[in-house]
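Work through the exercises below with the model open beside you. Try each task before reading its solution.

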Amino acid sequence: MPHLDAAFNYARWLTKSDADAEDVVQDAAVRALRFFSSLRNDDARAWLLTIVRNTWNARFSRVGSADEHMVLDDMKDDRPDGQLDAEALVIQRQTVERVQRAIETLPTDFREVIVLREIEGLSYKEIAAVAGIPIGTVMSRLARARERLLALLGPDLARGGIGDLS
Amino acid sequence: MICPDVERLIDAYSDDELDAAQATGVKAHVATCPTCHQRVAERAALRRLIRGVPYYAAPSRVRRAVVAIRRPARVTPRRLALAATVLLAVSVGTGAVVRTVRARQAATATLAQDVVASHVRALMGAHLFDVRSSDQHTVKPWFQGKLDFSPPVEDLAGLGFPLVGARVDAVGGRPVAALVYQRRQHTINVFIWPAADTVGALADARSFRGFQVRHWTRNAMALWAVSDLNDLELDQFVRALQP
Ligand SMILES: [Zn+2]
């Protein structure tokens, strides 16, 4: 089945759980295979992702997800002074963890447009189709999601080799 | 262009979603404005950071499970014809088989005419709704006691096809459930009744009198969707209407 990785990646970011993502993708695959042969290739990925989202939406209530509003205190850089020039590999790993957590703490509406755009590389039109929102909303959500991530990850951005962002 | 214009377009610019004229305008401004240049650089850096996060590829367990899902045969008129031909080749006195296939095709065509007639009647007679609600938990129980079966009811507002209501209608002389969905100014009627066979596949797509008609069966229910919507969007609707 084509685009299975994209389906799992999207489901995993939506659910934030391996087990839930597996359930969602398997359900979605059952639905998708029923009509997959009628899909044009260039639409197939967006369609599969739409089905993933639909399946996830039906399965998991979107209310009561208090974790999405959690305080981000624990995301601050808490490495003691003097350790800042520790091994580059360690810094890189910690950066990846912080980026991952920053994306996970975004509200679902913001998280999904970031994942679909930055990781899956979908166009605004495709994101609009998958998320069931107008293209203008895709644009404004992406802008707001990025502002949040930039605020959370400013120090990592500077360390990531962007010299003029100190 | 001045900073506020550029700020408004900065994400679309970073995503390569501007038309050529706008992109040129933003690029020219960014080249001379340190503030906006920084905004573009931040977005590029953020993208690199996000792409550095490990990709959640499908685990092999999921891969195996999906491969194991039996893909239902798609029953197209061509397949039916092919099946008829094969049967013709291997059996003796197969006129009956061909007649059965033809009779089924004729029956499907008649039903297509009937559902389009019901669709037109509902729109013209303004009797589109017995119950007006976008809540599937209101609409589904409403059918109780009015039909001898319980039709599947799902709101598809999240996919751009909001459920707007339902009614009991008649197709081919039998009472059926009719669900009404909206897409912009277009109405989609979905007619549902217990199916004779249980082929879980999209079996039929056609247009009739300028209306698009889709027919499939699922979970022992026959479903027909009729609309003046274009065929691509109606296909999209049919795909969205999955259990
Ligand atoms: Zn500027």
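The exercises treat a metal site, a chain contact, salt bridges and two single residues in a predicted model.

**Exercise 1. The zinc site**

Task: Identify the protein donors of the zinc ion, and work out which geometry they form.

Solution:
- Step 1. List the donor atoms. They are B:C3 (SG), B:H29 (NE2), B:C33 (SG) and B:C36 (SG). Their distances from the zinc ion run from 2.0 to 2.4 Å.
- Step 2. Check the angles. The four donor atoms subtend 102 to 120° around the zinc ion, so the arrangement is tetrahedral. The test asks that all angles lie between 85 and 135 degrees.
- Step 3. Read the spacing along the chain. The donors of the zinc ion follow C-x25-H-x3-C-x2-C.
- Step 4. Place two donors in their helices. B:C3 sits in helix α1 (residues 3-14) of chain B, and B:H29 in helix α2 (residues 20-32) of chain B, so this pair ties together parts 26 residues apart in sequence.
- Step 5. Compare the accessibility of these two donors. B:C3 has a relative accessible area of 29%, so B:C3 is partly exposed. B:H29 has 10%, so B:H29 is buried. The cut-off for buried is under 20%.

**Exercise 2. The contact between the chains**

Task: Describe the contact between chain B and chain A by residues, area and polar pairs.

Solution:
- Step 1. Count the residues. Chain B gives 44 residues to the contact, and chain A gives 52 residues.
- Step 2. Take the area. The two chains bury about 4900 Å² between them. Carbon and sulfur atoms carry 62% of it.
- Step 3. Find the main contributors on chain B. B:I50, B:Y56 and B:R239 supply 16% of the area that chain B buries against chain A. No other three residues supply more.
- Step 4. Add the polar terms. There are seven salt bridges between chain B and chain A. There are also 16 residue pairs in polar contact, both residues at pLDDT 80 or more.
- Step 5. Map the contact onto chain B. The elements that give two or more residues to the side touching chain A are α1, α3 (34-51), α4 (60-68) and α8 (231-240) of chain B. Of these, α3(B) gives the most, with 11 residues.

**Exercise 3. Salt bridges within and between chains**

Task: The structure holds 24 salt bridges over all chains. Take three of them and say what each pair joins.

Solution:
- Step 1. Start with A:D5 and B:R63. Their closest N and O atoms are 2.5 Å apart. A:D5 lies in helix α1 (residues 4-15) of chain A and B:R63 in helix α4 of chain B, so the pair joins two chains. A:D5 is partly exposed at 28% relative accessible area. B:R63 is partly exposed too, at 35%.
- Step 2. Turn to A:R146 and B:D15. Their side chains meet at 2.8 Å, N to O. A:R146 belongs to helix α7 (residues 135-159) of chain A, while B:D15 is in the loop between α1 and α2 of chain B, so this pair also joins two chains. A:R146 is buried, with a relative accessible area of 0%. B:D15 is buried at 2%.
- Step 3. Stay inside chain B for B:R183 and B:E233. This salt bridge spans 2.8 Å, N to O. B:R183 lies in strand β2 (residues 174-183) of chain B and B:E233 in helix α8 of chain B, so the pair ties together parts 50 residues apart in sequence. Both residues are buried.
- Step 4. Look for a network. A:R146 and B:D15 belong to one network of salt bridges. Its other members are A:R117, A:E118, A:E147, B:D11, B:E42, B:R43 and B:R47.

**Exercise 4. Two residues and their surroundings**

Task: Which residues are in contact with A:I119, and which does B:H186 touch, leaving aside those up to four places away in sequence?

Solution:
- Step 1. Locate A:I119. This residue is in helix α5 (residues 108-119) of chain A.
- Step 2. List the contacts of A:I119. They are A:N9, A:W13, A:I114, B:I50 and B:Y55.
- Step 3. Compare sequence and space. A:I119 and A:A6 are 113 residues apart in sequence, yet 9.2 Å apart in space, C-alpha to C-alpha.
- Step 4. Locate B:H186. This residue is in strand β3 (residues 186-194) of chain B. B:H186 counts as buried, at 15% relative accessibility.
- Step 5. List the residues that B:H186 touches. They are B:Y181, B:S227, B:D228 and B:L229.

Conventions: Residues are numbered from 1 along each chain as its sequence is written. Chains are lettered from A and ligands numbered from 1 in the order in which they are written. This is a predicted model: local features need pLDDT of at least 70, side-chain atom pairs count only at pLDDT 80 or more; totals for chains, interfaces and linings use all residues. Side-chain values use heavy atoms; hydrogens and water are left out. Donors are N, O and S atoms within 2.8 Å of the metal (3.2 Å for Na, K and Ca); water is not among the atoms, so sites may look incomplete. Four donors count as tetrahedral if all angles lie between 85 and 135 degrees; four count as square planar and six as octahedral if opposite donors are over 155 degrees apart and all others between 65 and 115; anything else is irregular. Helices (H or I, at least four residues) and strands (E, at least two) are DSSP runs, numbered from the N terminus. Buried means under 20% relative accessible area, exposed over 50%, partly exposed in between (1.4 Å probe, protein chains only). Contact means heavy atoms within 4.5 Å. Buried area is the accessible area (1.4 Å probe) that two parts lose on being put together, summed over both. A salt bridge is a side-chain nitrogen of Lys or Arg within 4 Å of a carboxyl oxygen of Asp or Glu. A polar contact is a pair of N or O atoms within 3.5 Å; within protein, one must be able to donate a hydrogen and the other to accept it, and residues adjacent in sequence count only if both atoms are side-chain atoms.
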